[in-house]
Amino acid sequence: MNLLPAPAKRWLRRMANLPRYGPLGLHDPQQFVEVWLEGCGAPRDVTRNNVVAALRPFTIGVMLEAASAEASAGADLRLAMRQRGSGFLLGVIHLRLASTIPLGALRFCLFETPKCENHCVPAATLRLYYQRQRWRSWQRQRKNPYNFRMTLSDIRCSYVFYQCPRPVVLVSVQHEGSSNMFPMDLIGPTDSPCFSMALRSTSPAVRLMQQSRRMALASAPFTYKDTAYELGRHHKLASIDWTSLPFPTEPSPEFGLPVPEAALRVREVKVEEFHEVGSHVLFLTSVVRDTVPATARELQLFHSFSSYRQYLAMTGRTA
Ligand SMILES: Cc1cc2nc3c(=O)[nH]c(=O)nc-3n(C[C@H](O)[C@H](O)[C@H](O)COP(=O)(O)O)c2cc1C
């Protein structure tokens, strides 16, 4: 039963200052959090080189040279999230090399995440939050025993991963009679021409991406927040009715795939290879054309962990 109106609930949540995921408006690339790979030689800035490859098990991909990949095999590797400027340590994800994908002289290293440390939320709040998470997970499992489920340890690692804001794109794809547009945030560049995308293997769009081998990724403006979440349901559809979209589209410059007119950037990518990684199919793509409209000045939609007040306080911004 809903006893409170939505604005009152929002206010209460803000006051409670619970750690949680949330949308954030930023310019891309974000400038607030740095991600460092530590524990094997000199620390390496991988802020633009760490992406999710699968959610179950939670798997993070980092592109390394072959020698560094080899050295990382037995090392006590960590991904450290640090506030830019102060260097304040927000969190740490411990890494265990699970496999590598050879790409010429490079290796796309896939790390599983045995444990993490979260320093951006007080320990007592975090304990409460974890308890609530356990309860919700148990409820969800009881309602639908076949539902997709991450382990609690992996969920905690994903909170730390999202301490670094991650951009959300709307992906357009079509093949023969089927087409779709859906939001993705398990995406990102690497220290190479390779741009990574991870899509749940049960998603019907996987087949469209494997067969057409090309997609358009439109960076969503922050004003598309509600729409982007709404389009999450497209992940389960084999094809969509384009006339039902609540915004106008235009053909992308290279492939002619429909993208939002309001897109802040359109990356048109070609699938180079794809791999099954746990729950997801990992697409390694190359950017064929990258278009940034001269008028694109708006804030972009990002996903981030922790409450806004904590996050904004940490980054020295005001709400
Ligand atoms: C903003 C947003 C970004 C998403 N990004 C991804 C993604 O990168 N990869 C993926 O497999 N699913 C992604 N999803 C899909 C969700 O994980 C989920 O499968 C989908 O929204 C259906 O939700 P439900 O299973 O709770 O009904 C995204 C969904 C939303 C709303």
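Into which domains is the protein chain divided? Domain 1 covers 26-163, and domain 2 covers 166-303. Those bounds come from an automatic or database domain assignment.

Some ground rules. This is a predicted model, in which local features need pLDDT of at least 70 and side-chain atom pairs count only at pLDDT 80 or more, while totals for chains, interfaces and linings use all residues. Residues are numbered from 1 along each chain as its sequence is written, and side-chain values use heavy atoms, with hydrogens and water left out.

Now the interface. The C-alpha centres of the two domains, domain 1 and domain 2, are 23 Å apart. Contact means heavy atoms within 4.5 Å. On that rule, 26 residues of domain 1 touch 30 residues of domain 2.

Next, area. Buried area is the accessible area, taken with a 1.4 Å probe, that two parts lose on being put together, summed over both. For domain 1 and domain 2 the figure is about 2,300 Å², with 62% of it on carbon and sulfur atoms. On the domain 1 side, Leu-26, Asp-28 and Tyr-162 lose the most area to domain 2. Together they make up 25% of what that side buries.

What about polar pairing? A salt bridge needs a side-chain nitrogen of Lys or Arg within 4 Å of a carboxyl oxygen of Asp or Glu. The rule finds 0 of them across this interface. A polar contact is a pair of N or O atoms within 3.5 Å; within protein, one must be able to donate a hydrogen and the other to accept it, and residues adjacent in sequence count only if both atoms are side-chain atoms. Between domain 1 and domain 2, 7 residue pairs are in polar contact, both residues at pLDDT 80 or more.

Which strands supply the domain 1 side with at least two residues each? They are S4 (51-55), S5 (58-65), S7 (89-103) and S8 (106-112). Strands here are DSSP runs (E, at least two residues), and helices are too (H or I, at least four), numbered from the N terminus. S4 gives the most, with 5 residues.

One residue from S8: Leu-106. Leu-106 is partly exposed, at 22% relative accessible area. The classes are buried under 20%, exposed over 50%, and partly exposed in between (1.4 Å probe, protein chains only). Beyond four places in sequence, its contacts include Met-63, Ile-101, Asp-191 and Ser-192.

Last, helix H4, residues 152-161. Here 7 of the 10 residues are buried, so H4 is largely enclosed by the rest of the structure. Among them are Asp-154, Cys-157 and Phe-161.
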